[in-house]
Amino acid sequence: MSSPAPTLPPRLEVSGLTVTFGGLTALDGVDLTVGAAAEAETVALIGPNGAGKTTVFNAVCGLVRPSTGSVLLDGLAAPTSPTRLLDRGLARTLQGLGLFTGLTVLENVLVPVAGAAGAAETAAAALARLDLQGDAATPVDALPYPVRKRVALARALVARPRLLLLDEPAGGLGSEDIAALAGVVRDVVADGCAVLLVEHHVDFVMDVADRVVVLDFGRVVASGTPDEVRADPAVEAAYLGLVAA
Ligand SMILES: Nc1ncnc2c1ncn2[C@@H]1O[C@H](COP(=O)(O)OP(=O)(O)OP(=O)(O)O)[C@@H](O)[C@H]1O
């Protein structure tokens with residue numbers, strides 16, 4: 001009799017994460033899993049301002065040190081330097097754009113893969129995925145905000161991450177750009193990359209997320225499919241109404 005195939009660990013497993021800033025408990029025992037059994041999926045982290053969403057990202061990326069808890073990538077402790085995180089398949093976008101303003105679109109997108117074999121090809125593919133081929137030689141400063149937002153996403157995708165953290169990807173975008181963004185997120189997941197996103201735009205979240213985790217005052221107060229979370233009267237009353245504006 002053959003033994004069952006071993007289950008792969010999740011792409012991201014956050015357990016009992018507690019982060020304090022002086023006397024403030026920003027995260028209080030947060031558990032969160034993205035990509036169980038290494039499958040790709042989209043998980044959205046929502047909640048009111050100050051709930052702790054960005055702090056989860058920062059703890060996952062080693063930018064803040066938890067007082068307790070663990071962050072595992074593919075079952076192993078997450079490194080804390082951006083280069084080593086990228087080597088382990090994790091890329092992120094920032095709440096602001098974080099682009100290099102003196103550089104062109106292509107130069108920005110090349111930064112994470114500088115010196116790597118095949119960098120030009122992977123950069124070209126990332127530009128194509130975000131419909132940026134025509135803007136490759138344009139300085140990013142000369143482009144409108146929604147296009148710069150796509151450049152930031154192309155830069156995160158260029159190293160072909162297996163886990164992508166998106167911090168408010170729909171922020172500042174109009175409905176057409178948000179629809180296009182939803183298409184890109186779906187394509188990325190279909191290609192096998194798991195996505196964790198923090199987002200205030202509830203319609204976008206409900207459209208793209210497989211699962212939604214609701215944070216409030218640093219604690220997970222609900223989680224489930226978009227329909228489950230939407231149908232939770234406590235969530236609706238306490239959070240969706242607040243963040244849907
Ligand atoms: N470096 C820091 N020093 C002190 N307090 C901080 C720091 N970073 C975050 N906080 C506090 O931790 C709490 C969680 O903040 P965080 O930015 O993670 O919330 P958020 O859910 O991402 O909010 P928003 O939706 O407004 O971006 C807030 O009370 C915030 O003021």
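In what order do the strands of the open sheet of 4 strands stand, and is their pairing parallel or antiparallel? In this predicted model, the order is β2-β1-β4-β5, and the pairing is antiparallel. The edges of the sheet are taken by β2 and by β5, which spans residues 76–77, and because each of these has a single partner strand, one side of each is left without a neighbour in the sheet. The pairing of β5 with strand β4, which covers residues 68–73, is antiparallel and runs over 2 bridges, and here L73 stands opposite L76 of β5. As general background, strands of a sheet pair through backbone hydrogen bonds, and they do so in either a parallel or an antiparallel sense.

Both senses of pairing are found around strand β9. Strand β3, made of residues 42–46, pairs with β9, made of residues 211–216, in the parallel sense over 4 bridges, and within this pairing I46 has V214 of β9 as its bridge partner. With strand β10, at residues 219–224, β9 pairs in the antiparallel sense over 5 bridges, and D216 has its bridge partner in R219 of β10. The strands β9 and β10 form a hairpin with 2 residues between them, and F217, which lies in the turn, has a positive phi of about 45°.

The surroundings of the ligand bring together one of these strands and a helix. The residues around the ligand are F21, L24, A26, G47, N49, G50, A51, G52, K53, T54 and T55. Two elements give two or more residues to this shell, namely β2, at residues 24–34, and α1, at residues 53–60. Of the elements, α1 gives the most, with 3 residues. When the shell is sorted by class, 4 of its residues are nonpolar, 6 are polar and 1 is charged.

The helix α1 is itself well covered, since 7 of its 8 residues are buried, and it is therefore largely enclosed by the rest of the structure. The buried residues are K53, T55, V56, F57, N58, A59 and V60; K53 and T55, listed here as buried, also belong to the surroundings of the ligand. After α1 comes G62, which has a positive phi near 80°.

A second covered helix is α5, formed by residues 145–157. From its first C-alpha to its last, this helix of 13 residues reaches 19 Å, which is close to the 18 Å expected at 1.5 Å a residue. It is mostly covered, with 10 of its 13 residues buried, and the buried residues are R148, K149, R150, V151, A152, L153, A154, R155, A156 and L157. The elements that cover them include the strands β6 (90–92) and β7 (163–167) as well as the helices α3 (105–110), α4 (119–129) and α6 (175–190). In general, an α-helix has 3.6 residues a turn, so residues three or four places apart point the same way.

At the level of the whole chain, the protein is divided into domain 1, which comprises residues 12–89 together with 161–243, and domain 2, which comprises residues 98–156. The C-alpha centres of domain 1 and domain 2 lie 24 Å apart. To the contact between them, domain 1 and domain 2 each give 8 residues. On the side of domain 1 that touches domain 2, 6 residues are nonpolar, 1 is polar and 1 is charged.

Key
Residues numbered from 1 in each chain as written. Predicted model: local features only at pLDDT ≥ 70, side-chain atom pairs only at ≥ 80, totals over all residues. Near = placed C-beta within 6 Å. Nonpolar A, V, L, I, M, F, W, Y, C, P; charged D, E, K, R; others polar. Domains from an automatic or database assignment. Contact = placed C-beta atoms within 7 Å. Pairing = 2+ DSSP bridges. Buried ≥ 20, exposed ≤ 12 C-beta atoms within 10 Å, placed from the backbone. Expected span 1.5 Å × (residues − 1).
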